[in-house]
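Let's take a walk through this structure together, one piece at a time. Have the sequence and the 3D view open as you read.

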Amino acid sequence: MVLSVKDVAKSYPSAEGTSAVLRGVDLEMAAGETLALTGESGSGKSTLLHLIGGLDTADNGSILVDGRDVAALDDTGRAALRRSVVSVIFQQFNLIPSLSVQANIAFQARLAGVYDPSHLTHLASKLGLSSQLDKYPEALSGGQQQRVAIARTLAARPKLVLADEPTGNLDEATAAEVLDQMLELVTDTGAGLLVVTHSPVIAARMGRRVHLSQGRLA
Ligand code: ADP
């Protein structure tokens, strides 16, 4: 199992006291599995992704990523987890504007200690970025920037890729193309892929689909 979530609960303070967003979430993913997480806006999808990615901590329950208990890690441990075990792709690409495309892609892999120039070349080629490597992010289209973000994530060879509406900022045709490339590369590397999406088209492309409602998965 690359991911094992058991009985996870999370509440936030609200005007009415506290509001329970997650009320006992259970989820398992096998290595290499692709999964769509759907649910209405405000149902807690991003919250769950943040907990799995070690960006926030659960009130209750356990989350094991590649066998590591996320809750038991300190800040340094969580940072290391994010760098090399789980990797998060956001809708806003979060590229570093002062670094070239090549340096952006290499960045996370270097931090994770797994930088491999030939792997980077392979990823860039698969994503159609070979002729863009010396450019800076501002010179790229939205679709190209998202491809760079995907290459940067996969270059660090994560076991689990978390993606929050990864193609939400792209037009439909570009989104479909980027999704295909991402699926192919994730399959190549054997990583698991958990995608939060509103799109039935994207959800249908994943191996499995779970729906978050009333704080639980079904
Ligand atoms: P989704 O991703 O499904 O749209 P979210 O996980 O972003 O849902 O949010 C679920 C609920 O939790 C919402 O009601 C939101 O307002 C609340 N929430 C999320 N993050 C915080 C936070 N840091 N502080 C307080 N409330 C939050």
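What follows goes through the two sheets, then the helix that packs on them, and finally the ligand.

Before we set off, keep in mind that this is a predicted model.

Let's begin with the sheet of four strands. This sheet is open, its strands come in the order β2-β1-β4-β5, and the pairing is antiparallel. At the edges you'll find β2, which covers residues 17-29, and β5, residues 68-69; each has a single partner strand, so one side of each is left without a neighbour in the sheet.

Now zoom in on β1, the strand made of residues 3-14, which pairs with β2 in the antiparallel sense over 10 bridges. With two residues between them, β1 and β2 form a hairpin. You can pick out facing residues along this pair: Val 5 stands opposite Leu 27 in β2, and Leu 3 has Met 29 of β2 as its bridge partner. On to β4, then: β1 pairs with β4 over five bridges, again in the antiparallel sense. Leu 3 turns up here as well, standing opposite Val 65 in β4.

Next comes the other sheet, with six strands. This one is open too, but the pairing is mixed, and the order reads β6-β7-β8-β3-β9-β10. Its edge strands are β6 (86-89) and β10 (216-217), and each of them pairs on one side only. If you want a parallel pair to look at, try β6 with β7, residues 160-164, where four bridges join the two strands. Within that pair, Val 88 has Leu 162 in β7 as its bridge partner.

So where does the helix come in? Helix α1 spans residues 45-52. Across the six-stranded sheet, α1 lies over β3 (34-38), β6, β7, β8 (192-196) and β9 (208-213), and it runs at about 150 degrees to β7.

Last stop: the ligand. Which residues are around it? They are Tyr 12, Val 21, Glu 40, Ser 41, Gly 42, Ser 43, Gly 44, Lys 45, Ser 46 and Thr 47. Sorted by class, this shell has two nonpolar, six polar and two charged residues. Helix α1 gives the largest share of the shell, three residues.

A few of these residues put polar atoms close to oxygen atoms of the ligand. For Gly 42, a backbone N or O atom lies 2.7 Å from a ligand oxygen. A polar backbone atom of Gly 44 is 3.0 Å from an oxygen atom of the ligand. Lys 45 uses its side chain instead, with a polar atom there lying 2.9 Å from a ligand oxygen. How much of the ligand does the protein cover? On its own the ligand has 560 Å² of accessible area, and the protein covers 56% of that.

Conventions:
Residues numbered from 1 in each chain as written. Predicted model: local features only at pLDDT ≥ 70, side-chain atom pairs only at ≥ 80, totals over all residues. Heavy atoms only, no water. Near = heavy atom within 4 Å. Polar contact = N/O pair within 3.5 Å; in protein donor to acceptor, adjacent residues only side chain to side chain. Areas by Shrake-Rupley, 256 points an atom, 1.4 Å probe, with all protein chains shown as cover. Nonpolar A, V, L, I, M, F, W, Y, C, P; charged D, E, K, R; others polar. Pairing = 2+ DSSP bridges. Contact = heavy atoms within 4.5 Å. Axes fitted to C-alpha atoms, helices over the stretch in contact; angles between N-to-C directions.
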